[in-house]
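Me: I would like a close look at a single part of this protein. Please take one residue and describe its surroundings in a connected account.

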Amino acid sequence: MNLYVKKRQWKLFLFITAIIIVGASLWYTNTLVAKFAKNERTNVRIWANAIQRKASLVNYANSFFEEIRNEEQKRAELLAETYKRIANDNNSNDLTFYLDIVGKNSKIPVVLTDEHDQIIECVNVNFNPDSIKVLDGNLKEKFLIYNPIYAEYLENEIRILYYRESTIFTELRVILDDLIETFFYEVVTNSVSVPVIVTDSLHKTIFASGNLDSIKMEQESFVRLTISEMIADNDPIQFQLPNSGSTYIYYKDSELLTQIRYYPFVQFTVVGLFFIIAYLLFSTARKSEQNQVWVGMSKETAHQLGTPLSSMMAWIELLKIKGVEGEAVTEIEKDLNRLENITERFSKIGSPPKLEEQNLVKIIYDAVEYLNKRSSKKVKYSIKCSADRVMVAPINKNLFEWVIENLCKNAIDAMNGIGEISINLKEESQAVIIDISDTGKGISLPNFKTVFHPGYTSKQRGWGLGLSLSKRIIKNYHKGKIFVKSSVIGNGTTFRIVLNK
């Protein structure tokens, strides 16, 4: 018994140690994760501030662009008015002044055509006037940003002056568009690798997204869920962009941080599964070794009993031949038959037993009758079932009798040879239940399962194999159950056997 107490103590010690190790590992890992998360959030704040400054720069560039655009428009309108004056004014001094203004125009594209859009003259244009003679199509669309100027050149002749924004303004527009595009690119391909979604204020238009599954981003439900998670993690970055209005940048923890946060739990789960599988494999191997030991010991016991048993049976026959009769010889003959049964029991360990339909009530009555004559008179037996009743179950008679004997002998030892053993049989639709109760010293709750382990015993002398062997016979050979139903220290114990019908 001390072996199993120490084993239980060691299990408790190892369990507590494992909890301490796991707790310490989780604490240390969570500390590292917290530091990593803090560092990432610092980087995210730096990135967010940079985005804010970049947005401010974009807005400033857009404001600057609008100012240039307004100035360019004024210059274009002034140039258009100049051309109009040239066409309509006959004052030579003013004409010289206007021509001087026109001559200094080196940026604003101007195309002069007749009333049929035949090109007469053009300056600061990005097409070849020698190959293009008519202003039409897409080219004309570009020059219709501003309303063209109509002027009467000669009597019944109309000249049309088309003009558009200057080349500098066009280049600035390209630069601003590139700046906005670069801004979105830097947002979605951020250096901190955080998932990002850029939307309008109503979350309806997705301007850009990064570090997210592009296929899932096509699903509206996924986008809504992701934005909700991002709002829960961080406040969005709000700013204004040209032609976009109020824009919001939503972001959350990076995938790497999420993986690191859950890594310890995954790690311990994998390690735990490994140890469980390893334990099951070693346990199976250990049980296989125990089975081989059981079988070997049983076969050897049967072999050792065989020789003296045969000799004793011969001596009994010799006594009968010499005319020696009496109760003593009869009882000795019964004991020899019992030894023969025991030898047969040991010989069957390790081999599939033959199960036959047997009346359990008769078998238990016969076993109790045999034990009663060989037990102390201070031990009382009671079977709470009529001897005439029939309860049939498929069993091996010799092995099942062995179980009843082991339980009764165990009860006698627990009662120190004084007390009562009661056996109650109950039949159900699918099983037969046998309860064997004693009035002994009882079993503590932690030992309800330990008593069936090989080597467990509360006696000074004993191998602790009786209950272990009984469980093996009921569970492995009869596919039934045997367990401690109840026990009270100082009041006794009840063992229950359940056999399938």
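Reply: The account below begins with one loop residue and proceeds to the strands around its contacts. The model is a predicted one.

The residue chosen is Ile443, which is located in the loop that connects strand 13 (431-437) with helix 10 (466-477). Its relative accessible area is 14%, and Ile443 therefore counts as buried, the cut-off being under 20%.

When neighbours within four places in sequence are set aside, the contacts of Ile443 are Phe448, Val451, Val484, Ser487, Ile489, Thr493 and Phe495. For one of these, Ser487, the C-alpha to C-alpha distance from Ile443 is 5.8 Å, although the two residues are 44 residues apart in sequence.

Two of the strands to consider here are strand 14 (residues 481-488) and strand 15, which run antiparallel and are joined by seven bridges. Within this pairing, Val484 has Phe495 in strand 15 as its bridge partner; both Val484 and Phe495 are among the residues that Ile443 contacts. The hairpin formed by strand 14 and strand 15 has three residues between the strands, and Gly490 adopts a positive phi near 90 degrees there.

Strand 15 (residues 492-500) is itself mostly covered, with eight of its nine residues buried. Strand 15 also pairs with strand 13: the two run antiparallel and are linked by seven bridges. In strand 15, Asn500 is the residue that stands opposite Ala431. Strand 13 also brings the description back to its starting point, since the loop that holds Ile443 lies between strand 13 and helix 10.

Methods
Residues are numbered from 1 along each chain as its sequence is written. This is a predicted model: local features need pLDDT of at least 70, side-chain atom pairs count only at pLDDT 80 or more; totals for chains, interfaces and linings use all residues. Side-chain values use heavy atoms; hydrogens and water are left out. Helices (H or I, at least four residues) and strands (E, at least two) are DSSP runs, numbered from the N terminus. Buried means under 20% relative accessible area, exposed over 50%, partly exposed in between (1.4 Å probe, protein chains only). Contact means heavy atoms within 4.5 Å. Two strands pair if DSSP finds at least two bridges between them.
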